[in-house]
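Student: I have just opened a new structure and would like to talk it through. Could we begin with how the terms are used and then go through the chains?

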Amino acid sequence: MKRLLRALAFATLLLVVLAALASSTLPDGLKRVAAMLGFGSRSSSVGPASPFANYETRYFHSRWAAQITAGLVGVALMWGFGALFARTLKRKR
Amino acid sequence: MHIPDGFLSTPVWAGLDLAAVPVVGYLVRRTQAEFDDARVPLLGVMGAFIFAAQMINFPVGVGTSGHLVGGALLALTLGPCAASVVMTAILVVQALVFQDGGITALGANVINMAVAGVWLGYWPARLAGKDPRRRRLAVFLGGWLSLFSAALLATLELSLSRVAPNRPLFASMLGVHAITGLVEGAITLAALETIARLSPGFVFRREET
């Protein structure tokens, strides 16, 4: 189990770096279809702007640094969610 | 795949937001009642892994990219109830922190990817039996179905919102995502086989429903 958790954690960090270095900048299927069929302009944003919008931290000039830090923030939030949810599971039993 | 704000008409996004709340609430309660204690440390680790994997877009041809959604992968490692809850958490973080997927469209994205995508990605492997070859095929099919079903629901929601004529909308959305689904199936299979090698017994547990 510990081996699996370590491997998954390492792979997660590797994926964050890989996403910054090698992710395609082409639009995804929905954005492409929306642009092609003319409803892409309907896209809007509700609520305040996030400093991590589009997976890029606003305060960095380097795109790689901006993407890697944003990715790490997301990973930390998911680890935090996992820890909190695990606590609620234990408390229920 | 993540529907942004503005694409869906108000009755469609509001209806799906209202529908998603009790569905996720029910899945949280079922997870609390029956989740395997041994898998608890995997909740955050798998969630973070899928979150990071979703950040990587790969080209799928015709000027389009795709990314792993991971519904089948989560379902076959955590069980479908916990997988739906973890996928919902990923979608909430993506919408609120990274502005990927709309806040008003969150219910639609949850129903498409965290409910339909997870459960339809789970069942082929669940029904495949123990024959390794059939099971591998079922995992691949589950990965494909997970992504394709989410795309089909998204297309239906866009169609109900009358954003574009139905024929080109369905043809282009389903065509692109049928191809992306093949990559989803292949990644799901490769990842599950790696996890099964690292920790035998952690995937394909048949007692989970």
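Tutor: Let us begin with the word contact, which means heavy atoms within 4.5 Å. Please also keep in mind that this is a predicted model.

Student: With that in hand, what share of the contacts in chain A with a separation of 6 or more comes from residues 24 or more positions apart?

Tutor: Such residues account for 42% of those contacts in chain A.

Student: Which elements does chain A have?

Tutor: Chain A has three helices and zero strands. Read from the N terminus, its elements follow the order α-α-α.

Student: And what is the radius of gyration of chain A, set against a compact globule?

Tutor: For chain A the value is 18 Å, whereas a compact globule of 93 residues would have one near 12 Å. Along the principal axes, the C-alpha atoms of chain A fill a box of roughly 50 × 30 × 25 Å.

Student: How much of chain A is buried?

Tutor: Buried residues make up 33% of its 93 residues. The accessible surface of chain A comes to about 5,700 Å², and carbon and sulfur atoms hold 64% of that surface.

Student: Let us pick one residue there. Where does Ala19(A) lie?

Tutor: Ala19(A) lies in helix H1 of chain A, which covers residues 2–22.

Student: Is Ala19(A) buried or exposed, and why?

Tutor: Ala19(A) counts as buried because its relative accessibility is 6%, and the cut-off for buried is under 20%. Leaving aside residues up to four places away in sequence, Ala19(A) touches Gln67(A), Met55(B) and Ile56(B). The C-alpha atoms of Ala19(A) and Gly71(A) are separated by 8.4 Å, although their positions lie 52 residues apart along the chain.

Student: Now to chain B. What about Met113(B), which helix is that in?

Tutor: Met113(B) belongs to helix H5 of chain B, residues 106–127. Met113(B) is buried, with a relative accessible area of 1%.

Student: What does Met113(B) touch?

Tutor: Beyond residues up to four places away in sequence, the residues touched by Met113(B) include Met1(B), His2(B), Val69(B) and Ala150(B). Met1(B) is 112 residues from Met113(B) along the chain, yet their C-alpha atoms are separated by 8.8 Å.

Student: How many residues of H2(B) are buried?

Tutor: In H2(B), 13 of its 13 residues are buried, so the helix is mostly covered. The end C-alpha atoms of this helix, residues 42–54, are 18 Å apart, which agrees with the 18 Å expected at 1.5 Å a residue.

Student: New topic: how many aromatic pairs are there over all chains?

Tutor: The count comes to nine aromatic pairs over all chains. One of them is the stacked pair of Tyr55(A) and Phe98(B), with 4.9 Å centre to centre and 10° between the planes. This pair crosses between chains, from the loop between helix H2 and helix H3 of chain A to the loop between helix H4 and H5 of chain B. Tyr55(A) counts as buried at 14% relative accessibility, and Phe98(B) counts as buried at 0%.

Student: Why is the pair of Trp144(B) and Phe148(B) called stacked?

Tutor: Their ring centres are 4.6 Å apart and their planes lie at 10°, and planes under 30 degrees apart count as stacked. Trp144(B) and Phe148(B) are separated by about one helical turn because they are four residues apart in helix H6 of chain B.

Student: Lastly, which residues do ring pairs link into a cluster?

Tutor: The cluster consists of Phe52(A), Tyr55(A), Phe51(B) and Phe98(B).

Terms used. Residues are numbered from 1 along each chain as its sequence is written. Chains are lettered from A and ligands numbered from 1 in the order in which they are written. This is a predicted model: local features need pLDDT of at least 70, side-chain atom pairs count only at pLDDT 80 or more; totals for chains, interfaces and linings use all residues. Side-chain values use heavy atoms; hydrogens and water are left out. Helices (H or I, at least four residues) and strands (E, at least two) are DSSP runs, numbered from the N terminus. Buried means under 20% relative accessible area, exposed over 50%, partly exposed in between (1.4 Å probe, protein chains only). The radius of gyration is taken over C-alpha atoms; the globule rule is 2.2 Å times the number of residues to the power 0.38. Accessible areas come from the Shrake-Rupley method with a 1.4 Å probe; for residues, only the protein chains shown count as cover. The expected span of a helix is 1.5 Å times one less than its number of residues. Rings of Phe, Tyr and Trp (its six-membered ring) pair if their centres lie within 6.5 Å; planes under 30 degrees apart count as stacked, over 60 as edge-to-face and the rest as tilted.
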